[in-house]
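Biologist: I would like a close look at one part of this model. Please start from the core and work outwards.

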Amino acid sequence: MTDEPQSKLSPMPKAEKRLLYILAGIQVTHIVDFMIMMPVGPMLMRDLGIEPHQFGLLVSSYSLSAAVSGLLCAMFIDRFERKRALLTLYAFFALATLACALAPSYYGLLAARSLAGAFGGVMGALISTVIGDQIPPERRGRAGGYMASSFSIATVAGVPLGLWLANHTPVLGWRSPFVFVALLSAGLGWAAYLWLKTGPRIHAPQGVWPRIQGTLSDPVHRWSMLFGCLIMFSMFSIVPFITIFATGTVKFPETMLPLMYLIGGAFTLLTSRWVGKQTDRLGKRKSFLIFGSIAIIPMLITTHMQQVPVWIYLLVSTLFFVASSARMIPSMALMNGAANPPLRGTFLSLSASLQQAAMGLGAFVTGHIISIDASGVMHRYDVAGYIAVAAMLAALWVSGRITQRG
């Protein structure tokens with residue numbers, strides 16, 4: 001299947017919109033669960049008395065655990081009906097997130113984050129699989145816009161609310177955002193049980209190894225997996241440490257971190273649906289080349305900043321949020337369209353596993369590159385920026401090797 005521009009966009013039926021609203025709600029919770037670690041980073045490091053490399057391990061543990069669980073899911077996911085698989089994983093994710101709130105120490109939190117990653121980290125792949133099964137190719141760019149909107153909602157509402165709870169509930173402190181996410185997940189899980197429709201019957205090859213072999217032997221699948229890994233490595237070489245860099249080096253007030261996420265998420269919410277439409281209109285690869293190239297600029301600016309006025313840093317951070325989201329929308333559509341439909345769940349689970357490993361590797365590498373002096377200033381964050389840009393340039397090249405199928 002070619003990836004040709006469309007002169008006129010086909011309308012999206014109400015049933016598809018309802019499906020996307022439910023999936024976006026589920027996605028919001030596991031995004032907040034992952035993202036909340038970054039803005040509460042300064043609080044965690046202070047309260048638990050941990051070093052930057054230990055905080056990097058907390059972030060990496062989620063991703064690396066998700067990578068392992070993604071491999072396991074890839075062996076079985078195409079054997080199960082999508083709704084049942086989604087609700088089961090989501091229930092365990094909610095319990096693991098509650099365990100984060102109850103963790104008694106750094107190592108307890110590390111174990112709980114690993115469990116949360118094992119269940120929450122594969123949620124995105126399963127949601128993408130449902131979209132690929134039930135949304136036709138000509139509307140997947142807009143579907144990606146809905147999913148990107150969930151990221152925006154998480155940053156506009158979820159992360160600031162989580163930070164507010166952490167700062168205004170002294171009894172719980174940094175634990176309160178995890179309680180919030182666990183309770184919200186329980187409510188959304190019940191809503192999904194009531195309203196999510198059973199998906200189509202999947203005619204996948206029988207046996208674990210035939211599915212794995214069929215997925216890995218496909219050159220388009222392999223290029224797509226590399227593509228996803230490069231994008232995630234690029235992003236998570238920078239993102240996990242952005243608030244620590246902001247508060248320590250740029251001297252951005254810690255109390256204003258919720259405002260940073262609120263403004264960045266709000267602008268991302270305004271632009272993501274537009275980017276989704278452009279992806280359907282211009283074609284997936286052309287859109288990725290445009291938005292991926294643009295994203296390089298705020299990556300470099302963000303990692304090279306020194307102490308600046310608050311309004312300047314808010315402008316730069318907002319550009320970073322918007323550009324990061326814009327490149328993800330066409331990239332998700334590219335990967336979904338590259339899947340061999342009978343193996344879509346296996347392919348996307350394997351891809352998610354490798355992407356989570358790349359995310360963890362990005363945070364791990366940067367955690368060992370940077371250092372923080374006694375005044376809180378972070379050093380060598382610019383090196384992480386150069387590494388991230390190199391990975392992004394490689395992803396732009398690899399995108400030309402990804403064929404679209406359906």
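The request and one connected answer follow.

Biologist: Which residues touch the most other members of the largest nonpolar core? Take one of them, F227, and tell me what F227 touches. Then set that part in the context of the chain.

Modeller: First, a caution: this is a predicted model. Now the core. The largest nonpolar core has 118 residues. Within this core, F55, F227 and Y381 touch the most other members. Helix α1, residues 14-35, gives the most to the core, with eleven residues. A second core exists, separate from the largest one, and has five residues. Among them are A148, F291, A326 and I329.

Now F227 itself. Set aside residues up to four places away in sequence. F227 then touches F288, S331, L334, M335, A395, V398, S399 and I402. Two of these partners are serines, S331 and S399.

Follow S399 next. S399 sits in the segment after α16, which covers 381-398. Is S399 buried or exposed? The relative accessible area of S399 is 0%, so S399 is buried. Buried here means under 20%. Beyond its neighbours within four places in sequence, S399 is in contact with F227, R285, F288, L289 and L334. Compare the two contact lists. F288 and L334 appear among the partners of F227, and F288 and L334 also appear among the partners of S399. F227 and S399 touch each other as well.

Step along the sequence to G228. This glycine lies in helix α10, residues 219-236. G228 has 3% relative accessibility, so G228 counts as buried. Leaving out residues up to four places away in sequence, G228 touches M335 and Q355. M335 is also on the list for F227. For a long-range reference, take R79. G228 and R79 are 149 residues apart in sequence, and their C-alpha atoms are 24 Å apart.

Now the start of α16. R380 lies in the loop between β2 (378-379) and α16. The backbone there deserves a check. R380 is not a glycine, yet its phi is positive, about 70 degrees. R380 has 43% relative accessibility and so counts as partly exposed. K251 offers a second case. Phi of K251 is near 65 degrees, again positive in a residue other than glycine. K251 lies in the loop between α11 (242-248) and α12 (257-282). With a relative accessible area of 35%, K251 is partly exposed.

Next, the exposed positions. L183 is in helix α8, residues 176-195. Its relative accessible area is 62%, so L183 is exposed. The cut-off for exposed is over 50%. L183 and T29 are 154 residues apart in sequence, but their C-alpha atoms are 9.9 Å apart in space. L102 lies in helix α4. At 64% relative accessibility, L102 counts as exposed. L102 and M305 are 203 residues apart in sequence and 37 Å apart in space, C-alpha to C-alpha. S105 is in the loop between α4 (82-102) and α5 (106-120). S105 has 31% relative accessibility and counts as partly exposed. S105 and T303 are 198 residues apart along the chain, with 31 Å between their C-alpha atoms.

Last, the whole chain. There are 16 helices and two strands. The C-alpha trace spans about 60 × 40 × 40 Å along its principal axes. Does the radius of gyration point to a compact globule or to something else? With 406 residues, a compact globule would have a radius of gyration near 22 Å; the chain has 20 Å, which agrees. Buried residues make up 60% of the 406 residues. Of the contacts with a separation of 6 or more, 86% are between residues 24 or more positions apart. The contact between F227 and S399 belongs to that long-range picture.

The surface and charge complete the view. The accessible surface comes to about 16100 Å². Carbon and sulfur atoms account for 69% of this surface. The chain has 30 positive and 15 negative side chains. The centres of these two sets lie 8 Å apart.

Terms used
Residues numbered from 1 in each chain as written. Predicted model: local features only at pLDDT ≥ 70, side-chain atom pairs only at ≥ 80, totals over all residues. Heavy atoms only, no water. Helix = DSSP H or I, 4+ residues; strand = E, 2+ residues; numbered from the N terminus. Rg over C-alpha atoms; globule rule 2.2 N^0.38 Å. Buried < 20%, exposed > 50% of the residue type's maximum accessible area, 1.4 Å probe, protein only. Contact = heavy atoms within 4.5 Å. Areas by Shrake-Rupley, 256 points an atom, 1.4 Å probe, with all protein chains shown as cover. Lys, Arg positive; Asp, Glu negative; His and termini not counted. Charge placed at Lys NZ, Arg CZ, Asp CG, Glu CD. Core = buried A, V, L, I, M, F, W, Y, C linked by side-chain atoms within 4.5 Å.
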